[in-house]
Amino acid sequence: MAGRINDDDVKAVRDAVPIDAVVSEYLQLRNAGGGNLKGLCPFHDEKSPSFQVSPSKGLFHCFGCQEGGDTIAFIRKIDHLSFSEAVERLAAKAGITLRYEEGGYNPSHQRGERIRLVEAHQAAAQFYIEQLGSPEAEIARKFLAERGFDQAAAAHFGVGYSPAGWDHLTRFLRGKGFSDKELLTSGLAQESRRNPIDRFRGRLMWPIRDVSGEVVGFGARKLRDDDNGPKYLNTPETPIYKKSQVLYGIDLAKKDIAKSSRAVVVEGYTDVMACHLAGVTTAIATCGTAFGGDHIKILRRLLMDNGSARVIFTFDGDAAGQKAALRAFEDDQKFAAETYIAIAPDNMDPCDLRLAKGDEAVADLVQPRTPLFEFAIRQIVGRYDLETPAGRAAALDEAAPIVARIKNVASQHEVAVQLAGILGILDTQFVVKRVAQLARWARDRGGKGPAPTQHRRQQYESAAPVAAAPGPALNLRSPAHRTERELLKLALQHPHLVSPAFDAYGIDEFTAPPYAAVRQCIQEAGGATDAPSDYLPAVMDSAPNDVVRALVTELAVEAVHARTVDEAYAGEQLVAVRRRAVDRRLLDIQGTLARLGQNGDPAQLAAVQNELWVLQQYGQALRNKGAAAL
């Protein structure tokens, strides 16, 4: 049993490793104001960053899922470590030697399992690197050279070679103090009739690192014809390696992905190498599995779901590549980023393209051109004869349900219009209505109870019934909702900038029920004008439930999207929300006039026409004078 770590050493570790440096290894952090940093929470799915880090306090807290604590707590939670394992990990990072009580410490037997397995992989990676220079590895060096990779490239990516004998690595790691049980658990060795033997033999080796840079597995490429194994052999599932949760190259690409808000997803290890050497340093790849939901979570935390984020997939143009693209499209809605597909001429992968046409061709390949949804739809309709009515109808029957999966109603409408154009159907509205109908049916079939988004909507609507309106599940990323969100953030964080105009805004001017609920909380707390020091607590106290209260907290800490937060910016948000409210009312009045017709009651008709004229003048004044017209 491991000895207890000395309390002073625990404190030294906690003080020595900055929490923002540790958290930044897993997600992108941005300035949140007040000396704090923010990012997308790694412990739950979210679209707006509610995860905050205070470097000065050494603490983190998520306002969405309520996880929080210090650096040690963060490492324990994200990597599923015990307290001792987390302290040991951080101590190694800080170069601190830990002291243990209760009988001392035996590193070979008492360290946490995860740390031991990672150390075994680190030692194996170094072993493989050294073996790449051996005479036996000539075939591996030739393989790399034929694909345009020199010694420096191999060193940059840590590429190595596993000797062809039965137990070279196993004997090496035993000499380092690792037990047979640890070698088997790590996946570096496998059972044989007598003793464990190496899993990887006579292969080119790529170390697979997690987002923090630790080696957790390997990808191995067959080199000899007498090797009866698969072309690529990966580490099996282990306590530290889950293939659906790792991305090859993420340790090298993460900073540039966060900086550029762009990621390039390729299909293999050599493609990642080729892209990075060609200057596309945001390239990553899956490890022997399809790109899926857990991979998306990793990228979302780095991309931060901002509006300019781009994810570009490169797939072969063959049937398998097309199938992979359609599979990726099914997960497309989990991204806030725009998704694109890139297919090289002659269906070359990035590695072959670099060899044939150079670095510039690779860089040009991954420029976002074809939206993934467009490619996916064209692949579907391409199987039908669009010259005949029957072919167009059959293509619509298969493609429309795909478009109906798009959750963003505005995007769904836009793609449906494009689908009509691709199919050559002149009646665009027929296609739009067909897609919308399928989307409604899908929602209605979603189970006995309401979907989570509907349930959450109902909680907001119960708080703000005047804002409730029938319709599809909320999309808080629409332009109208983004503006309402900005105005509410200003009202909570800088009430003096939006007062007194904000307090004259009706709850019905906020079209998203969650935002209408927050508007009502502000009203019940006394409004934003001359806000007292306990203004925010009062707004939170007026929230009818935890869901609305959590949203108030989120809006109160989320950064305002403006370089300069001043009266001019506040005025723009006030005007934008009011103009949309005026435009909605104008549509209502025009509908009323159409229903009244020429034979309606003259007095009622005159009153409606007068309101129409007044609103039109007001709308014009808002456009011409801005905040001065409020």
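**Entry 1: cavities**

A cavity, as I use the word here, is a set of grid points where a 1.4 Å probe fits but cannot get out. I began with that idea and then went looking in this predicted model. I found that the structure holds 2 cavities of 30 Å³ or more. For the largest cavity I noted a volume of about 60 Å³. Its lining has 12 residues, and T314, F315, M348, D349 and P350 are the closest to its centre. I also sorted the lining of the largest cavity by class: 7 residues are nonpolar, 1 is polar and 4 are charged.

**Entry 2: the chain as a whole**

Next I stepped back to look at the whole protein chain. I counted 28 helices and 16 strands in it. The chain has 630 residues, and buried ones make up 49% of them. I then looked up the contacts between residues at least 6 apart in sequence, and 65% of these join residues at least 24 apart. The accessible surface of the chain comes to about 29800 Å². Carbon and sulfur atoms account for 50% of that surface.

**Entry 3: the second largest pocket**

My next stop was a pocket. Which residues lie nearest the centre of the second largest pocket? I wrote down I78, D79, H80, Q245 and R301, out of 33 residues in the lining. The volume of this pocket is about 890 Å³.

I wanted to know which helices take part. Helices α3 (71–79), α6 (113–131) and α13 (293–303) each supply at least two residues of the lining. The largest share comes from α13, with 5 residues. By class, I listed 16 nonpolar, 3 polar and 14 charged residues in the lining of this pocket.

**Entry 4: helix α24 and what follows**

I picked α24, residues 513–524, for a check of length. With 12 residues at 1.5 Å a residue, α24 should span 16 Å, and the C-alpha atoms at its ends are 16 Å apart, so the two values agree.

Is α24 mostly covered or mostly open? I found it mostly covered, with 10 of its 12 residues buried. Among them are P513, P514, Y515 and A516 at the start of my list, and C521 and I522 at the end of it. I kept a general reminder beside this: an α-helix has 3.6 residues a turn, so residues three or four places apart point the same way.

Just after α24, I saw that G526 takes a positive phi of about 110°. Farther on, D530 lies in the loop between α24 and α25 (535–541). Phi of D530 is near 50°, which is a positive value in a residue other than glycine. I put D530 down as exposed because its relative accessible area is 73%, and the cut-off for exposed is over 50%.

**Entry 5: two more backbone spots**

On the other side of α24, I looked at the loop that joins α23 (495–498) to α24, and P500 lies there. The peptide bond from S499 to P500 is cis, with omega near 0°.

I also visited Q66, in the loop between β4 (59–62) and β5 (68–69). Its phi is near 70°, again a positive value in a residue that is not glycine.

**Entry 6: three residues in helices**

I finished with single residues, one helix at a time.

T270 lies in helix α12, residues 269–277. Is T270 buried or exposed? At 10% relative accessibility, T270 counts as buried, because buried means under 20%. Leaving out residues up to four places away in sequence, T270 touches F149, W206 and C351.

S260 lies in helix α11, residues 250–260. I noted S260 as partly exposed, with a relative accessible area of 40%. I then looked for a partner far along the chain: S260 and A309 are 49 residues apart, and their C-alpha atoms are separated by 8.0 Å.

K11 lies in helix α1, residues 7–16. At 49% relative accessibility, K11 counts as partly exposed. What separates K11 from V87 in sequence and in space? I read 76 residues in sequence and 9.7 Å in space, C-alpha to C-alpha.

Definitions and conventions:
Residues numbered from 1 in each chain as written. Predicted model: local features only at pLDDT ≥ 70, side-chain atom pairs only at ≥ 80, totals over all residues. Heavy atoms only, no water. Helix = DSSP H or I, 4+ residues; strand = E, 2+ residues; numbered from the N terminus. Expected span 1.5 Å × (residues − 1). Buried < 20%, exposed > 50% of the residue type's maximum accessible area, 1.4 Å probe, protein only. 1 Å grid on protein atoms, 1.4 Å probe; cavity = no way out; pocket = protein on both sides within 12 Å on 5 of 7 lines; lining within 4 Å. Points joined across faces, edges and corners; volume = space filled by probe spheres on them. Nonpolar A, V, L, I, M, F, W, Y, C, P; charged D, E, K, R; others polar. Contact = heavy atoms within 4.5 Å. Areas by Shrake-Rupley, 256 points an atom, 1.4 Å probe, with all protein chains shown as cover.
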